[in-house]
Amino acid sequence: MEDRRTLLLLVLVLFSALVSSVSANEEEEIEQRTQGEKWFVLRQLHNVVQTDAGSMRMVKGGYRRDSFLHSPMHIGFISMEPNSLFIPQYLDSNLILFVHHGEARVGHIHSGELVERHLKHGDVYTIPAGSAFYLENRLENQRLRIICSIDITSESMGWHAFQSFFIGGGTHTASVLAGFDHNTLATALNVSPEELQTFLTRQTSGPIVHISGSHHKNMWSEFLAQEPQQKLAHLKRIVNFGEEASPKEEKSTWSLRKFLFNLVNRENVVNHHHHKAPSVYNLYKKKPNFKNHHGWSKNVDSSDYSPLEQSGNGVYLVNLSPGSMMAPHVNPSAIEYGVVLKGTGRIQIVYPNGTLAMNARVQEGDVFWVPRYFPFCQIASTNGHFEFFGFTTSARRNHQQFLVGKNSLMQSLRGPEFAAAFGIDEKRLNRIANAQHEQVILPASWWDSSQDKASEPERKKRTNFERIVGSLGSDMIMGFD
């Protein structure tokens with residue numbers, strides 16, 4: 001009898017220690033996933049520009065102080081009210097624009113000429129670093145919303161996330177011209193100091209301005225009313241473009257002339273491979289690279305849209321039907337950024353050591369990113385379609401490596417070596433590898449749906465049980481400490 005009590009006591013002690021260990025592991029994994037969500041879901045928006053005519057907000061990339069990870073891209077969100085203008089400027093970073101809502105007109109300098117393009121919903125357009133440009137929302141009753149990528153180049157000055165150099169400006173957000181000594185600038189522009197003062201202080205509305213309606217008419221509404229050649233002449237006149245300096249002033253103004261010349265003409269600082277101005281590429285009109293009953297995906301690289309070659313980035317668009325999944329995969333050549341356009345879903349990312357880095361619920365407007373080589377998948381909620389758009393850090397064709405599903409690595413690596421790696425025989429490996437008949441975008445499974453419908457206590461109980469059972473094994477995960 002005493003032996004039985006002793007044995008029972010030992011079993012209870014062992015079970016208690018096991019549960020305590022599992023609870024500690026669970027808390028550690030929850031903390032790890034929470035930290036992963038902070039790293040990989042970029043929810044902190046920073047105001048870059050804010051006026052009554054519009055705004056620009058951004059989630060920052062860069063080195064993460066709390067991790068070993070480096071995110072080489074910022075994602076920006078531009079919102080402009082009807083009849084508004086983002087005044088002429090240039091950036092120290094390449095810019096890729098994607099029109100999420102509304103229509104826009106973009107003008108920028110290409111090979112010394114002003115190029116204007118009309119952008120509509122789904123259009124993609126690129127603006128090289130250092131190229132002067134402006135954006136206009138000409139519609140009377142519709143906001144313009146643009147998602148843009150801003151790459152962190154080696155030439156970026158690093159003062160902030162990126163740097164805007166406004167050619168136009170006034171008392172609020174000064175023009176780069178205002179930084180020069182006014183006597184020097186008046187001489188360079190060949191105007192009086194009084195006229196220069198008025199020129200540099202007339203605009204008071206900020207970087208995004210109203211151009212018509214109930215707001216007073218300003219210099220930029222007059223600028224936009226001009227013909228393209230007049231606009232170019234206006235920009236050239238501002239920066240003294242193409243004027244011949246007199247011998248007397250040549251020596252004193254040459255450096256200033258050269259600097260201002262480069263603001264609107266990149267011909268002598270960039271080797272253009274194509275003299276033809278960039279065209280517009282509509283992502284929604286592109287035929288899907290992959291499509292089945294569970295969703296579709298589109299990828300655009302430099303072979304589809306050559307202007308992407310200069311920025312070195314690609315774009316993509318994915319639409320998943322309710323409950324479906326983009327199969328677990330790896331990007332071997334690029335970092336991926338995503339912006340949720342519609343619906344809700346989950347993003348799962350795995351660390352190199354085989355542990356779950358993140359299992360985060362995302363919704364419209366959320367931004368996430370996935371480091372190169374990290375396995376991940378996207379899963380749509382069962383209550384609607386899940387659509388997300390994004391950028392990749394490579395303009396070359398990104399050959400994603402799918403880990404499971406038909407035509408995946410699991411299929412390609414089938415053999416005794418792969419079976420031995422899992423500690424099972426080939427027959428069992430083949431049964432598992434062949435169980436999924438779909439590829440790339442997979443359907444929802446019955447157990448996944450039932451798990452979604454289960455109550456939180458039931459899910460927690462099931463998870464704890466699985467952990468207890470799993471902890472009894474002798475599996476070892478190799479990787480980072």
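**Entry 1: strands and R105**

Strands here are DSSP runs of E, at least two residues long, and they are numbered from the N terminus. I keep in mind that the model I am looking at is predicted.

With that settled, I looked up R105. I found R105 in strand β8, which covers residues 104–110. Is R105 buried or exposed? R105 counts as buried, because its relative accessibility is 12% and the cut-off for buried is under 20%. Next I checked what the side chain of R105 touches. The side chain of R105 makes a polar contact with the side chain of E136, at 2.7 Å. I noted E136 for later, since strand β11 is given as residues 133–137.

**Entry 2: a sheet of seven strands**

I traced an open sheet next. Its seven strands come in the order β1-β2-β5-β12-β7-β10-β15, and the pairing is antiparallel. Which strands stand at the edges? They are β1 (46–51) and β15 (281–282). Each of these two has a single partner strand, so one side of each is left without a neighbour in the sheet. A reminder from class: strands of a sheet pair through backbone hydrogen bonds, either parallel or antiparallel.

I zoomed in on the β1 end. β1 pairs with β2 (residues 54–59) in the antiparallel sense, over five bridges. I picked one bridge to find by eye: N47 has R57, in β2, as its bridge partner.

**Entry 3: empty space inside**

Today I went hunting for holes. Rolling a probe the size of a water molecule over the atoms shows where empty space is left. How many cavities of 30 Å³ or more are there? The count comes to three. The largest cavity has a volume of about 70 Å³. Ten residues line the largest cavity, and the closest to its centre are M56, F86, Q89, L91 and F133.

Then I asked which strands supply the lining. β6 (84–91) and β11 (133–137) each give at least two residues to the lining of the largest cavity. β6 gives the most, with three residues. I also sorted the lining of the largest cavity by type: eight residues are nonpolar, two are polar and none is charged.

**Entry 4: cysteines**

I searched the whole structure for disulfides and got zero. I still looked at two cysteines. C148 is buried, with a relative accessible area of 0%. C377 is buried too, at 5%.

**Entry 5: strand β20**

How many of the seven residues in β20 are buried? Six are, which leaves this strand (residues 336–342) mostly covered. I then checked its partners. β20 and β23 (residues 367–370) pair in the antiparallel sense over four bridges. One pair to look for is G338 with its bridge partner F368 in β23. β20 also runs antiparallel to β25 (residues 386–392), joined to that strand by six bridges. For this pairing I marked V339, whose bridge partner in β25 is F389. Another note from class: in a regular strand the side chains alternate between the two faces of the sheet.

V340 is in β20 as well. V340 counts as buried, because its relative accessibility is 2% and buried means under 20%. I tried a distance too: V340 and V362 are 22 residues apart in sequence, and their C-alpha atoms are 7.4 Å apart in space.

**Entry 6: two positive phi angles**

Most residues other than glycine have a negative phi. I looked up two residues that go the other way. N407 is not a glycine, yet its phi is positive, about 60 degrees. N407 is found in the loop between β26 (401–402) and α8 (409–412). V440 is not a glycine either, and its phi is positive, about 65 degrees. V440 is placed in the loop between α10 (426–433) and β27 (441–442).

Are these two residues buried or exposed? N407 is exposed, with a relative accessible area of 57%. V440 is buried, at 14%.

**Entry 7: a stop at helix α8**

Last lookup: Q411, found in helix α8. Q411 has a relative accessibility of 19%. The cut-off for buried is under 20%, so Q411 counts as buried. The side chains of Q411 and R414 are joined by a polar contact of 3.3 Å.

Methods: Residues numbered from 1 in each chain as written. Predicted model: local features only at pLDDT ≥ 70, side-chain atom pairs only at ≥ 80, totals over all residues. Heavy atoms only, no water. Pairing = 2+ DSSP bridges. 1 Å grid on protein atoms, 1.4 Å probe; cavity = no way out; pocket = protein on both sides within 12 Å on 5 of 7 lines; lining within 4 Å. Points joined across faces, edges and corners; volume = space filled by probe spheres on them. Nonpolar A, V, L, I, M, F, W, Y, C, P; charged D, E, K, R; others polar. Disulfide = S-S within 2.5 Å. Buried < 20%, exposed > 50% of the residue type's maximum accessible area, 1.4 Å probe, protein only. Polar contact = N/O pair within 3.5 Å; in protein donor to acceptor, adjacent residues only side chain to side chain.
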